[in-house]
Amino acid sequence: MKNKLLIILFLFLLSFPAWLMSGGKYHIDLSGVNTEVLRGHLDLGGRSISGEIIDVNSFYIERNGEPYIPVIAEFHYSRYPREYWDEQIKKIKAGGVTVVASYVFWNLHEFKEGEFDWSGNLDLRHFVELCGKNGLDVIVRIGPFAHGEMRNGGLPDWLYGRPIEVRSNDPAYLYYVNRLYHQIGDQLSGLMFKDNGPIIGIQIENEYQHSAAPWAFTYQGAPRENTVARRDVDITQIGVGVNEFGNEFAGLGRDHMKTLKMFAIEAGMETPIYTATGWGYATIVEKGSIPVMAGYAYPFWVPDNRPSPFYLFKNIHKNPDYSPVSYDVNLYPSMAAELGTGIAVTYSRRPRVPGESFLPMMVRTVGSGTNGLGFYMYHGGTTPSIGNFFMTEGFGLANKSYDYQSPIGEFGKTSKGYYPLKLINYFLQGYGNVLAPFYPVLPESNESISPDNTETLRYAIRTDGMSGFIFMHNFQDRIAMPDHRDLHINVNTIEGTFRFPHNGTFTLKSEASGIFPFNLDFDGVFIHQATAQPFMRFENDGRVYHVMVAIEGFHPQLVLNGDTDVSGTGIKTELINGRKVVSFPDDRLSEMVSNDVSFLVIPYEMALKAWLTGKAGNQHLIISNALVLEDEKSLSLISDHQTEICVRVYPAIRDLRSGEANVNKLEQELASVSGWILSIDPKEPVLQLIPSGDRHFVLRAEQLDMNGFNDVFITFDYRGDRAVCMMNGELMTDHLYTSAPWTIGLKRYVEMLKDHEMYFYFIPMRSDAPYLSWLDEEVIPDFGERREFLEIKEPEISVEYRIDIMIEKD
């Protein structure tokens with residue numbers, strides 16, 4: 001009997017996956033990776049009059065011959081007040097973004113047929129110029145159909161009911177589209193890349209032959225009537241999804257997309273990059289556009305609320321999300337346009353997107369082979385209206401708010417998810433040229449992972465077979481993940497096998513992520529492997545600086561050649577198996593210098609407060625508990641109710657000055673870092689927020705003075721159905737309750753508040769509300785015998801201070 005049991009155990013072990021043997025030991029083989037790249041087959045690319053070149057090959061974009069990975073933030077100019085565009089663009093840049101994308105909503109610009117409006121909040125040209133002034137490139141999404149949760153998806157009302165097949169090559173439709181494109185082209189004249197302008201790309205249409213919006217004329221209870229050519233009705237769906245049955249009209253679709261690109265070029269919109277929706281069998285401009293991808297883990301357009309596949313590593317180049325697709329994946333790079341950093345909600349479906357979800361999705365997507373990140377939305381806004389004539393898509397969405405739970409919200413306030421995203425955004429700025437040519441390789445263990453698998457390490461490697469980056473994360477939407485403890489990975493390369501980490505093990509904490517390099521040259525310092533994450537690379541006065549992040553659960557080390565000379569502060573070195581292993585503390589700043597190249601290692605929480613400032617060749621890292629915005633000659637510190645702000649600058653500078661704050665220099669643990677504390681006197685805004693009954697508040701702020709404030713916010717922590725903000729008989733904004741508080745910024749309303757009161761009205765949630773299953777369990781009330789429930793806690797009034805500073809170098 002004993003022998004029989006031993007045989008059964010032996011057979012069981014033989015069938016057990018090799019990657020689960022020996023406790024936390026994993027294995028991956030990189031030796032067979034294919035890094036072939038096709039060139040010259042795409043009708044893309046261009047040269048500026050100054051000689052700058054952008055090219056596109058089958059795997060990545062090149063800029064002046066160097067691989068380039070754009071980081072793209074969606075921000076709709078028409079959904080934000082013009083007078084604050086510059087400040088918000090600076091916030092976007094501070095987050096590590098390099099490109100701004102924005103829809104041109106046709107129905108806003110041509111509300112009445114033949115009458116175009118490019119003024120005020122619709123001044124597209126001014127918006128693009130501000131992006132360029134702040135050093136950001138631009139991708140203009142010119143439609144004609146946009147979607148974007150806009151009324152009719154952006155098509156004007158006056159098209160409805162005419163004998164016209166919209167979104168087709170119907171000559172009548174093309175007449176109006178051509179007129180629109182020439183209007184846009186006139187607005188953007190001289191701003192194209194070829195003219196040394198900031199516009200590097202144009203998106204043609206959106207979700208063509210894949211998705212549509214409802215016409216606003218649809219009647220309640222009637223079947224949805226969508227903004228789509230009649231022939232495409234059966235292949236059109238709601239929102240982003242999978243199309244399993246193909247497209248019998250794909251040929252006609254390709255002709256239409258080709259026609260739209262031709263119209264755009266004839267209208268003066270000639271750029272090196274054209275994009276078109278690639279997901280779910282949408283139709284692109286074959287060999288004339290990059291098919292851009294999407295990933296929404298918390299969509300509102302699906303009926304269930306189940307864990308998504310968007311946290312599972314894959315070869316996303318060969319197998320895009322929402323496959324099958326309409327194009328040959330071997331011809332184009334994988335580039336994302338709509339990765340769901342947030343989501344809108346509808347009355348009946350209210351997913352809440354936690355900020356903790358943003359970074360792991362991006363680590364998964366880049367680790368899977370994407371060579372362009374596009375965040376939708378990165379900056380929320382407010383959908384414009386004409387009085388109480390609402391321009392929001394008629395699908396149960398908020399009538400005004402387009403906060404989208406995004407990294408920067410409806411009123412310009414940064415959310416929790418804004419800060420972790422900087423870790424990958426700045427990484428792609430500093431190391432994207434190294435990463436872009438590396439192909440994704442997946443371990444055997446990846447085959448067994450489904451969204452509900454909480455035990456197996458989620459990781460992938462991008463590599464050329466010898467060098468690369470290890471990507472890993474430990475997050476899944478709607479599921480709590482345990483810490484993965486005492487792990488190591490055996491990595492087989494073309495030249496042999498190494499162990500990660502070099503000695504000991506690592507723990508990947510719940511919700512954490514990491515990106516770790518191996519066998520790479522960092523400006524003359526060869527790193528065999530690192531258990532600290534590369535964050536920023538910059539230069540200052542001819543010297544190169546690398547900033548790396550200590551991730552909790554990983555003892556931060558750099559493994560170098562045994563004969564590498566190093567010096568530094570706070571580091572320890574030892575020889576292990578012929579390698580020089582440099583160890584750093586994980587709870588404070590430390591620095592290593594080798595070959596005149598500096599490596600600063602900072603704790604994770606400090607990295608969330610780190611900002612890269614200055615122009616190329618003259619940059620500084622600033623670590624501050626305030627948001628750091630950059631102007632041409634000064635910096636602005638935006639603090640959230642804090643009257644004391646700590647500022648560290650690396651490399652060290654001689655002095656820091658401010659005309660608005662008391663400045664005191666602080667001693668620092670590193671001679672290469674200088675630090676100061678800035679303090680200002682607290683100030684209270686002059687306003688009255690008066691409760692009226694159990695459902696109303698009245699705001700009186702006729703004497704509200706923004707001098708000394710960057711903004712003033714009111715936060716309502718409530719549990720209910722929804723809330724609205726009214727003033728002068730018009731809806732200013734609204735809120736569908738999503739388990740989280742509601743915050744309203746007052747800066748944009750200061751002039752109106754001088755003459756009008758603002759009213760806040762809250763509606764109770766009902767026990768039979770259709771969205772209850774979408775809310776966080778802890779906020780769902782015990783209704784008991786009640787049919788309705790409303791709870792409003794004491795509202796919180798908070799302020800943002802703004803302090804301008806100047807830094808002086810030695």
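**Exercise 1: The surroundings of Asp477**

Task: Leaving aside neighbours within four places in sequence, find the residues in contact with Asp477.

Solution: Start with the partners. Asp477 is in contact with Ala297, Tyr298, Arg306, Pro307, Ser308 and Tyr311, once its neighbours within four places in sequence are left aside. Contact here means heavy atoms within 4.5 Å.

Before the next step, a word on the model: it is predicted, so local features need pLDDT of at least 70 and side-chain atom pairs count only at pLDDT 80 or more, while totals for chains, interfaces and linings use all residues. Residues are numbered from 1 along each chain as its sequence is written, and side-chain values use heavy atoms, with hydrogens and water left out.

Next, place the residue: Asp477 is in the loop between β20 (468-473) and β21 (484-493). Helices (H or I, at least four residues) and strands (E, at least two) are DSSP runs, numbered from the N terminus.

Then check the accessibility. Asp477 has a relative accessible area of 0%, so it is buried. Buried means under 20% relative accessible area, exposed over 50%, and partly exposed in between (1.4 Å probe, protein chains only).

Last, look across the chain: Asp477 and Val37 are 440 residues apart along the chain, and their C-alpha atoms are separated by 34 Å.

**Exercise 2: Another loop residue**

Task: Describe where Lys287 lies and decide whether Lys287 is buried or partly exposed.

Solution: First, the place: Lys287 belongs to the loop between β10 (273-277) and β11 (290-295). Second, the accessibility: Lys287 counts as partly exposed because its relative accessibility is 41%. Third, the contacts: beyond its neighbours within four places in sequence, Lys287 is in contact with His41, Leu42, Asp43, Leu331 and Tyr332. Finally, the C-alpha atoms of Lys287 and Pro437 are 20 Å apart in space, with the two positions 150 residues apart in sequence.

**Exercise 3: Strand β13 and its partners**

Task: Work out which strands pair with β13 and how enclosed β13 is.

Solution: Begin with β6 (residues 71-75), which pairs with β13 in the parallel sense over four bridges. Two strands pair if DSSP finds at least two bridges between them. Here Val71 stands opposite Leu373 in β13.

Now turn to β12 (residues 335-340), which runs parallel to β13 and is joined to β13 by two bridges. In this pair, Leu339 stands opposite Phe375 in β13. The chain passes from β12 through helix α7 (residues 358-367) to β13 in a right-handed β-α-β crossover. Right-handed means that, with the strands pointing away from the viewer, the path from the first strand over the helix to the second runs clockwise.

To finish, count the buried residues: seven of the seven residues of β13 (residues 373-379) are buried, so the strand is largely enclosed by the rest of the structure.

**Exercise 4: Helix α2**

Task: List the buried residues of helix α2.

Solution: The buried residues in α2 are Trp85, Glu87, Gln88, Ile89, Lys90, Lys91, Ile92 and Ala94. That is eight of the ten residues of the helix (residues 85-94), so α2 is largely enclosed by the rest of the structure. Just after α2, Gly96 takes a positive phi of about 95°.

**Exercise 5: Salt bridges**

Task: Compare the surroundings of three salt bridges, Glu129 with Arg125, Lys314 with Asp321, and Lys509 with Asp483.

Solution: A search of the whole structure finds 45 salt bridges. A salt bridge is a side-chain nitrogen of Lys or Arg within 4 Å of a carboxyl oxygen of Asp or Glu.

Take Glu129 and Arg125 first: their closest N and O atoms are 3.3 Å apart. Both residues lie in helix α4, four residues apart, about one turn of the helix. Glu129 is partly exposed at 36% relative accessible area, and Arg125 is partly exposed at 27%.

For Lys314 and Asp321, the closest N and O atoms are 3.0 Å apart. Lys314 is buried at 17% relative accessible area, and Asp321 is buried at 4%.

The side chains of Lys509 and Asp483 meet at 3.2 Å, N to O. This pair links distant parts of the chain, 26 residues apart: Lys509 is in the loop between β23 (506-508) and β24 (513-522), and Asp483 is in the loop between β20 and β21. Salt bridges that share partners join Asp483, Arg485, Lys509 and Glu552 into one network.
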